[in-house]
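Dear colleague,

I am handing over the structure below for you to look through. Please keep it open beside this message while you read the notes that come after it.

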Amino acid sequence: SENITVRSIVGRFLEHSRIFYFGGGGDEEYWIGSADMMHRNLDRRVEALVQITDRSATDKMAALLAAIARPDTKSWLLGPDGWTKSPTDGHGRDLQTELLRRGAAGAE
């Protein structure tokens, strides 16, 4: 779709949780969940999505999504022809390592 961006973060951990942000029409919604919205997962597994409404939590999610969207963050991008590496070609910032360091230091 021309209306969405799908980005997978590259790092040493396999992704499982998902953040969904909907901002169309001026009404923002944040959701988290386990589902990656592939048929094999939705048809054969129990997946859950939960809307997040707490302002403090949505502010943190917005900051995380901004970090993910930075052009220098290592990631895979889903386009019309499939998945491609981000323009940083593996030389960008490793967001997972950065978040681990923040957590170890007790930062929010």
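What follows is a short account of what was found.

This is a predicted model, in which local features need pLDDT of at least 70 and side-chain atom pairs count only at pLDDT 80 or more, while totals for chains, interfaces and linings use all residues. Residues are numbered from 1 along each chain as its sequence is written, and side-chain values use heavy atoms, with hydrogens and water left out.

The mean pLDDT of the chain (the predictor's confidence in each residue, from 0 to 100) is 81, and 84% of the residues reach 70 or more.

Helix 2, residues 55-69 (helices are DSSP runs of H or I with at least four residues, strands runs of E with at least two, numbered from the N terminus), has 15 residues. At the N-terminal end of helix 2, Asp-54 acts as a cap, with a side-chain oxygen 3.2 Å from the backbone nitrogen of Ser-56. The buried residues of helix 2 (buried means under 20% relative accessible area, exposed over 50%, partly exposed in between, with a 1.4 Å probe and protein chains only) are Thr-58, Met-61, Ala-67 and Ile-68.

Thr-73 lies in the loop between helix 2 and strand 5 (75-79); Thr-73 is buried, at a relative accessible area of 0%, and its side chain reaches the backbone oxygen of Ala-67 at 2.8 Å.

Finally, Tyr-30 is buried, with a relative accessible area of 8%, whereas Tyr-21 is partly exposed, at 37%.

With best wishes

Definitions and conventions:
The expected span of a helix is 1.5 Å times one less than its number of residues. A polar contact is a pair of N or O atoms within 3.5 Å; within protein, one must be able to donate a hydrogen and the other to accept it, and residues adjacent in sequence count only if both atoms are side-chain atoms.
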